[in-house]
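Here's a structure worth a slow look. Let's walk through it one piece at a time.

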Amino acid sequence: MTAPVTSTTGSAATGNTAAVTAAPARGWRLERRHLVSAAVVVVAALIPLVARSFVLFELTMVMIYGLAILGLNLLTGFNGQFSLGHSAFYGLGAYTAALMMHLWDVNYLWTLPAAGGVCFAVGFLFGLPALRLQNLYLALATFALATAMPQILKFHALEGITGGVQGLTVDQPDPPSFLPVDSDQWLYYLTLIVIVLMFWAASNLVRSRSGRAIMAIRDNPIAAAAMGINPSLYKTLTFGVSALYTGVAGALGAFAIQFVAPDSFTIFLSVSLLVGLVIGGVGSIPGCLFGGLFVLFVPNIANSVSTGLAGAVYGIILLLVIFLMPAGAAGFARLAVARLTRARRQ
Amino acid sequence: MQKITRRSLLAAAPGALALTVPMLSPRRASAKDYGPGVTDTEIKVGNTAPYSGPASSYGTLGKVETAYYKMINDKGGINGRKVNYISYDDSYTPPKTVEMVRKLVEEDNVLLVASPLGTPCNSAIWHYMNQKKVPQLFVATGATKWNDPKGHPWTMGWQPNYQSEGRIYATYILKEKPTGKIGILFQNDDFGKDYLKGLKDGLGDKASMVQVEASYETTDPTVDSQVVDMKAKGMDVFVNCGIPKFAAQAIRKAGEIQWKPLHVLSSIGNSVAATLKPAGFENAKDIVSDFYLKDATDPQWKDDAGFKEWGAFMDKYYPDGDKQDTGNVAGYCLAQAAAHVLTACGDTVTRENIMKQAANLKDFAEPMLLPGIKANTSATDWAPLKQVQMAKFDGARWQLFGPLITGAVG
């Protein structure tokens, strides 16, 4: 984010990095969350040494869905704007990557920033009309985006480029020759690196001045505007950044699945991401990964319980989780930690 | 260092023998050659089908296939091996298909994936299966691209493809109404467009006969306006490529507005129970269509031996299944074909041999295929079913007429 924080001092480009470097003034402290994050990353980096290819593939998909959910979380959890249209951004990112590799033989690494850029632009532009819409009406507008996306991809005039309903095949990224890893392990590491960078960036963003502005708009838009925050600018930019995150996830998803087709990016994906968001914890960054776990595994669990009633079992699991963890996995974890510490003090 | 005594030698001898025996025994059994997922008592076969999601009505194919293998196992299995049929739900979404198929291949270690369902779903795993050299046998989709033995030697189609059906309609129309004006109604997706392409290719330089191309989305409430529009524009040939719900609406509407074109109904919407009955038999009279399966709702088969066999199977192994659903006939034929290939493999149950046997079908007939229709394949021809037969609806049932027709594509 290189957005001006206040509209009055438009020239003061207080970006995210600036906010972070400003932090040492208060003194950078090693907090528990840093240790926990570092431990999680180390464990994640060691998993490919022991896990089978298929498990790696599943974990890669969990991270990818986690990243997509994080995109949605920035918008919904932190900025208070609803979206049922994130399947469209996910699909746009996936198609951007697939088309760049398909049409111009671009190296897959370049497709990630490109997918992010394209989605940021589209998200930003979509954010402009979305400014006029609140809550349920915004949800409906983004719903339209999600329904339109598969049809646009199938559209006759674009069929020559998008492959129409038949979709496009994507080559799985080959690992660099100097690394002794196979392609599943490489994709896992690549995804892990992208995830760590983007989660780190998101975590800094929400702790920065811009992040506080984003949350202030969610909590009380009038008060935020009175304090000199430009709500329109922040809302559209958040929309753009949110789409960027989900778009990068889409591009990674295209690598992992090695195939893109309109039927992969239906409204059902949007709903899944929203479910993952709520399950993981609205407004929680690590919770997004738990949401990713839920999105990938719970349908499989439901299906293994009963093939005929998979949908019903899924619903029951969903209800149970909501009852047991009303604030999502992140809220549940916070509560558990608080209880444990209190118990120890007593 | 320990000295080798006679006693230690004697003690070691049985142990050494015990070690050599298992080393020798596989050699003796070398007549048997097994791929992954095969033992003397079991063959693991994988499948994906949409049991949930928007296309879940097709899930019945997976269920009837599972039931078919249960029957096979009750009868003693295939060459003494029970079939362990593992079918996962992919909700008709390509990413889920990839995940489930990777699970089947890498975790469950199946020998092959038989009849996975849906064009986008099969497209998603097409590359993977051929990279891994795992048979993707008899896919449950009518797209034209599955017949590619050079580029994708591990994937084989099954049913007559939609494009060749389109060509067959073109031939019929050119014979019956060479100067007709054609209006076509099709679903705005892969199979709809395949029909359109086949029809135009078949008309060749007369493709301009197609004057109205009306598409619909599966989410549309009706197709009434498309039909009215075709009548208003003076079309006198109507190619109706709708799935049952829309095909029935179109037939009914045409009847209501007294539009009597030469009406060609595609095979995906020609079920008596699902399309013609709701449309009204009086409206459906004189419609022509093409068939390769026996329509389970057509009374003319009620004394047919193959039909009775299928009926008895449905009653015993899949009593919940709807006998009016063509999916249960298609799934039965698919499972039967895969079982036939596995039987032909004998004791060489490897992935290579499966494709070899599948590419070696010679006049293979099934009880629920129309009389005379046979599956044939060769090393260069991986489209097992190519024949269909035209039929005309006489107001109560389909009357087959003319010879079996072979489509020219694929």
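What follows goes from chain A, through one of its helix pairs, to the contact between the chains and then to a sheet in chain B.

Keep in mind that this is a predicted model. Start with chain A, which has 15 helices and two strands. How does its radius of gyration fit with a compact globule? For 346 residues, such a globule would come out near 20 Å, and chain A has 20 Å, so the two agree. The C-alpha trace of chain A spans about 55 × 50 × 50 Å along its principal axes. Burial can be put as a share too: 46% of the 346 residues of chain A count as buried. Now look at contacts in chain A with a separation of 6 or more: 76% of them join residues 24 or more positions apart.

Next, zoom in on two helices of chain A, H4 (residues 86-104) and H6 (residues 135-154), whose axes come within 8 Å and cross at roughly 30 degrees. Angles under 35 degrees count as roughly parallel, and therefore H4(A) and H6(A) are roughly parallel to each other. On the H4(A) side, the contact is made by A:Ser87, A:Ala88, A:Gly91 and A:Tyr95, while H6(A) brings A:Leu145, A:Ala146, A:Met149 and A:Leu153. Sorted by class, this contact has six nonpolar residues, two polar ones and no charged ones.

On to where the chains meet: 22 residues of chain A are in contact with 22 residues of chain B. Which helices of chain A supply at least two residues each to the side that touches chain B? They are H3 (53-78), H11 (231-257) and H14 (310-324). H3(A) gives the largest share of that side, four residues. As for character, the chain A side divides into eight nonpolar, eleven polar and three charged residues.

Finally, turn to chain B and its open sheet of four strands, which runs in the order S3-S2-S4-S5 with parallel pairing. Strands S3 (82-89) and S5 (136-137) of chain B each have a single partner strand, so they stand at the edges with one side left without a neighbour in the sheet. Further in, S2 (residues 42-49) and S4 (residues 112-114) of chain B pair in the parallel sense over two bridges. If you want a spot to click on, B:Val45 has B:Leu112 in S4(B) as its bridge partner. Helix H2 (residues 59-74) of chain B packs on this sheet, touching S2 and S3 of chain B, and its direction makes about 165 degrees with that of S3(B).

Technical notes:
Residues are numbered from 1 along each chain as its sequence is written. Chains are lettered from A and ligands numbered from 1 in the order in which they are written. This is a predicted model: local features need pLDDT of at least 70, side-chain atom pairs count only at pLDDT 80 or more; totals for chains, interfaces and linings use all residues. Two strands pair if DSSP finds at least two bridges between them. Two residues are in contact if their C-beta atoms, placed from the backbone, lie within 7 Å. Axes are lines fitted to C-alpha atoms, for helices over the stretch in contact, and angles run from 0 to 180 degrees between N-to-C directions. Ala, Val, Leu, Ile, Met, Phe, Trp, Tyr, Cys and Pro count as nonpolar, Asp, Glu, Lys and Arg as charged, and the others, Gly among them, as polar. The radius of gyration is taken over C-alpha atoms; the globule rule is 2.2 Å times the number of residues to the power 0.38. A residue is buried if 20 or more other C-beta atoms lie within 10 Å of its own, exposed if 12 or fewer, and partly exposed in between; C-beta atoms are placed from the backbone. Angles under 35 degrees count as roughly parallel, over 145 as roughly antiparallel, 65 to 115 as roughly perpendicular and the rest as oblique.
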